Amino acid sequence: MIQKEYVQQMARYNAWQNSQLRGTFKQMSKDELTRDRGAFFGSIFGTMNHLLWGDMVWMSRFCDDVPAPSVSAKQSVDLTPSFGVWDAERFRLDGRIRIWSQTLSNMDLCVEEHWFSGTTNQHMTRSRGLCVAHMFNHQTHHRGQISQMLNQAGYTPPVSDIIFMPEDA
């Protein structure tokens, strides 16, 4: 399905996107970040938290040293209490995702992943490659929602086209 080079590229892309968003978020007040904008996760901050939560869930399944989030999916919007805490956790996890991507082999992506989904309340089995592709797709999906909310709030969303990612990102 996917190969390690794809995972490495997407890990770089994820970190680059979050770094750009971080710069925009720093310009915003707490009220702007937490204002309910009618999105699925309410606010920009709620969506940021949900995205971090999802990455933590998947990485806890892929890596023994990444703890699962301490809250459920329904509570994911409240994962971190402030931008500062979110920023530190996001930076740490983005680094961990990049390191993990460097350690993968193509064979690692062919094994089955087994877990219990609290969202569906059932045991799940899928190929790890599909789960990894889903993690990166989930990131892109929710960053798109964040970009739309930033635009509506009068901020210019950062460039998100992967073809424009700098080589040194």
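**View 1. Arg92, a partly exposed residue of helix H4****.** With a relative accessibility of 37%, Arg92 counts as partly exposed, because its value falls between the 20% and 50% limits. Please keep in mind that this is a predicted model. You will find Arg92 in helix H4. If you look for Gly42 as well, the C-alpha atoms of Arg92 and Gly42 lie 25 Å apart in space, and the two residues are 50 apart in sequence.

**View 2. Gln139, a buried residue of helix H5****.** Here we move to Gln139, which sits in helix H5. Gln139 has a relative accessible area of 0%, so it counts as buried, the limit being under 20%. Leaving aside residues up to four places away in sequence, Gln139 touches Asn14, Leu51, Asp55 and Ile97.

**View 3. The largest nonpolar core and its best-connected members****.** This core holds 42 residues, and the ones that touch the most other members are Phe25, Ile44, Met59, Phe62 and Trp100. Two or more core residues come from each of these elements: helix H1 (4-26), helix H3 (44-62), helix H4 (83-103) and helix H5 (128-152). Helix H3 makes the greatest contribution to the core, giving 10 residues.

**View 4. Phe25 and the residues it touches****.** Let us zoom in on Phe25, one of the core residues that touch the most other members. Not counting residues up to four places away in sequence, Phe25 is in contact with Leu33, Ile44, Met48, Phe83, Trp86, Ile146 and Leu150. Ile44, one of these partners, is also among the core residues that touch the most other members.

Definitions and conventions:
Residues numbered from 1 in each chain as written. Predicted model: local features only at pLDDT ≥ 70, side-chain atom pairs only at ≥ 80, totals over all residues. Heavy atoms only, no water. Core = buried A, V, L, I, M, F, W, Y, C linked by side-chain atoms within 4.5 Å. Buried < 20%, exposed > 50% of the residue type's maximum accessible area, 1.4 Å probe, protein only. Helix = DSSP H or I, 4+ residues; strand = E, 2+ residues; numbered from the N terminus. Contact = heavy atoms within 4.5 Å.
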